[in-house]
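Subject: The structure I promised you

Hi,

Here is the structure we talked about, with its sequence. Have a look around it before you read on.

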Amino acid sequence: MVISYLGKQFFRINHGDLVIATNPAGKNRFGADLVFVSTLHEDHNNPELVFFGDKTPFVARGPGEYEIKGVAAEGFASEVEIEGKKYLNTVYNFKLNDISICFLGVTHEISNETREVIEEPDILFVAIGDDPEKAYKISMSLEPKIVIPMDFEPGGKAIKTFLKEGGSKAEPIEKLTLKKKDLVDKEGEIVLLKQ
């Protein structure tokens with residue numbers, strides 16, 4: 001599995017021939033098989049960016065159960081506020097090659113029911129936004145093996161605070177390449193990806 005960060009909450013996750021995108025935004029274009037859109041806000045809802053070449057992805061846009069190209073996913077509703085306006089946010093939980101992945105979207109709060117299903121994800125994507133302490137707190141409460149921060153200004157105060165909360169000196173890397181065996185000894189490790 002290879003994970004690349006394209007800014008805001010936009011990630012490209014490659015697993016063999018399968019390509020997954022999350023919250024497409026910006027100018028990057030590529031073909032995806034599956035797109036997770038967590039919030040119907042312009043910063044997170046541009047799936048046309050990953051309709052490319054012969055790829056026409058399935059777009060998951062809300063709570064529910066999905067199974068696409070062997071990927072079983074569940075979406076759980078939460079409410080968020082962006083720029084003073086309320087939105088429905090969907091937390092996505094899915095597995096790729098026995099690696100469990102949780103994409104929180106914009107939220108820093110999830111219900112107990114959602115928490116029970118998520119359990120302890122191998123990889124957790126969490127938005128830093130303007131509340132890095134809260135982002136760190138929810139991250140650690142889910143007991144992930146790896147935490148991937150998103151939605152932050154590179155080198156900004158928020159990401160520095162988040163790293164400090166975790167006692168991490170993580171340096172940004174181009175992409176994260178891993179297999180299930182690479183997760184064995186991990187416990188809340190923060191992986192910072194270059195935008």
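Below is what turned up, starting with the sheet and ending with two single residues. Keep in mind that this is a predicted model.

**The sheet**

A good place to start is the open sheet of 7 strands, which has mixed pairing. If you trace across it, the order is β6-β7-β8-β9-β10-β11-β13. The edge strands are β6 (64-68) and β13, and each of them pairs on one side only. In general, strands of a sheet pair through backbone hydrogen bonds, either parallel or antiparallel.

For a pair you can follow by eye, try β7 (residues 71-82) and β8 (residues 85-96): they pair in the antiparallel sense over 10 bridges. To get your bearings there, find Glu79, which stands opposite Leu88 in β8.

**Two helices across it**

Next, look at β10, β11 and β13. Helix α2 lies across these three strands and runs at about 160° to β10. Helix α3 also lies across β10, β11 and β13, at about 165° to β11.

Which residues of α3 (residues 157-165) are buried? They are Ile159, Thr161, Phe162 and Leu163. And what covers them? The cover includes the strands β10 (123-127), β11 (146-150) and β13 (189-190), along with helix α2 (132-141). After α3 comes Gly167, and its phi is positive, near 60°.

**Two residues to click on**

Ser4 sits in strand β1 (residues 2-5). Is Ser4 buried or exposed? Its relative accessible area is 18%, so Ser4 counts as buried, the cut-off being under 20%. Setting aside residues up to four places away in sequence, Ser4 touches Phe10, Phe11, Arg12 and Lys175. You could also check the spacing between Ser4 and Gly26: they are 22 residues apart along the chain, and their C-alpha atoms are separated by 14 Å.

Val19 is in strand β3 (residues 18-22). Val19 is buried too, because its relative accessible area is 5%. Not counting neighbours within four places in sequence, the residues in contact with Val19 include Arg12, Ile13, Asn14, Phe30 and Lys55. Asp33 is another of the contacts of Val19; the two are 14 residues apart in sequence, and 5.4 Å apart in space from C-alpha to C-alpha.

Happy exploring, and send me any questions.

Cheers

Key: Residues are numbered from 1 along each chain as its sequence is written. This is a predicted model: local features need pLDDT of at least 70, side-chain atom pairs count only at pLDDT 80 or more; totals for chains, interfaces and linings use all residues. Side-chain values use heavy atoms; hydrogens and water are left out. Buried means under 20% relative accessible area, exposed over 50%, partly exposed in between (1.4 Å probe, protein chains only). Helices (H or I, at least four residues) and strands (E, at least two) are DSSP runs, numbered from the N terminus. Contact means heavy atoms within 4.5 Å. Two strands pair if DSSP finds at least two bridges between them. Axes are lines fitted to C-alpha atoms, for helices over the stretch in contact, and angles run from 0 to 180 degrees between N-to-C directions.
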